[in-house]
Amino acid sequence: CMLVSINLEKFEIPSHELEYANELFMAVFDIIILFSLSSSRHAGKRSDSEDNYKTWFTLFISMLVACIQLGVYNLSGWTVEGGHTLSHGEKAAHYLEFTFNIISASILYWFTMDNRHCAIKRLQQLMY
């Protein structure tokens, strides 16, 4: 945001590249959070293979969307208009970005609610 605020024409492409690369790192953190959630759900009992498949599927989709949007932005072709270089895939990459952010926000919400549930349970154990 700061790069675009300084000079939109000069920093538009690098800011998009930085944003989409950041989403790859966000996907890695989503993986860590989901594994934490998965392991806490199965503590003390046998792992349910259906839950493991759902976790792996969600992780795969999240990482796939992050990689595809980077590819769509960079590999859809470029046009020079009025001295500005524009990507043909920018609009589609933004749609993929919104999809990725919805998945990532859902994972973070699940993590937050799981921790809230654990905190309430521990608080009840202490108080009662």
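Select Val28: at 38% relative accessibility, Val28 counts as partly exposed, because that class lies between buried (under 20% relative accessible area) and exposed (over 50%), with a 1.4 Å probe and protein chains only. The model is predicted, so local features need pLDDT of at least 70 and side-chain atom pairs count only at pLDDT 80 or more, while totals for chains, interfaces and linings use all residues. Residues are numbered from 1 along each chain as its sequence is written, and side-chain values use heavy atoms, with hydrogens and water left out.

Val28 sits in helix α2, residues 8-41; helices are DSSP runs of H or I with at least four residues, strands are runs of E with at least two, and both are numbered from the N terminus. Add Phe25, Phe29 and Ile32 to the selection: with Val28 they form a nonpolar surface patch of about 430 Å² accessible area together. Such a patch takes residues with over 30% relative accessible area and no salt bridge, joining nonpolar side chains (Val, Leu, Ile, Met, Phe, Trp, Tyr) within 5 Å and like charges within 9 Å. A salt bridge puts a side-chain nitrogen of Lys or Arg within 4 Å of a carboxyl oxygen of Asp or Glu. Areas come from the Shrake-Rupley method with a 1.4 Å probe, and for residues only the protein chains shown count as cover.

Next, select Ala21, also in α2. Ala21 counts as partly exposed, at 28% relative accessibility. Show Cys67 as well: 46 residues separate it from Ala21 in sequence, but the C-alpha to C-alpha distance is 8.7 Å.

Then go to Ser15 in helix α2. Ser15 counts as buried because its relative accessibility is 14%. Its side chain reaches the backbone oxygen of Phe11 at 2.9 Å.

For the interior, select Ile33, Leu34, Leu37, Leu59, Ile103 and Ile107, the six residues of the largest nonpolar core. A core here is a set of buried Ala, Val, Leu, Ile, Met, Phe, Trp, Tyr and Cys residues joined through side-chain atoms within 4.5 Å. Helices α2 and α4 (90-127) each give two or more residues to this core, and α2 has the largest share, three residues. Centre on Leu37: leaving out residues up to four places away in sequence, Leu37 touches Ile107, Trp110, Phe111 and Asp114, where contact means heavy atoms within 4.5 Å.

Finally, zoom out. The protein has four helices and two strands, in the order α-α-α-β-β-α along the sequence. Buried residues make up 24% of its 128 residues.

Conventions: Polar contact = N/O pair within 3.5 Å; in protein donor to acceptor, adjacent residues only side chain to side chain.
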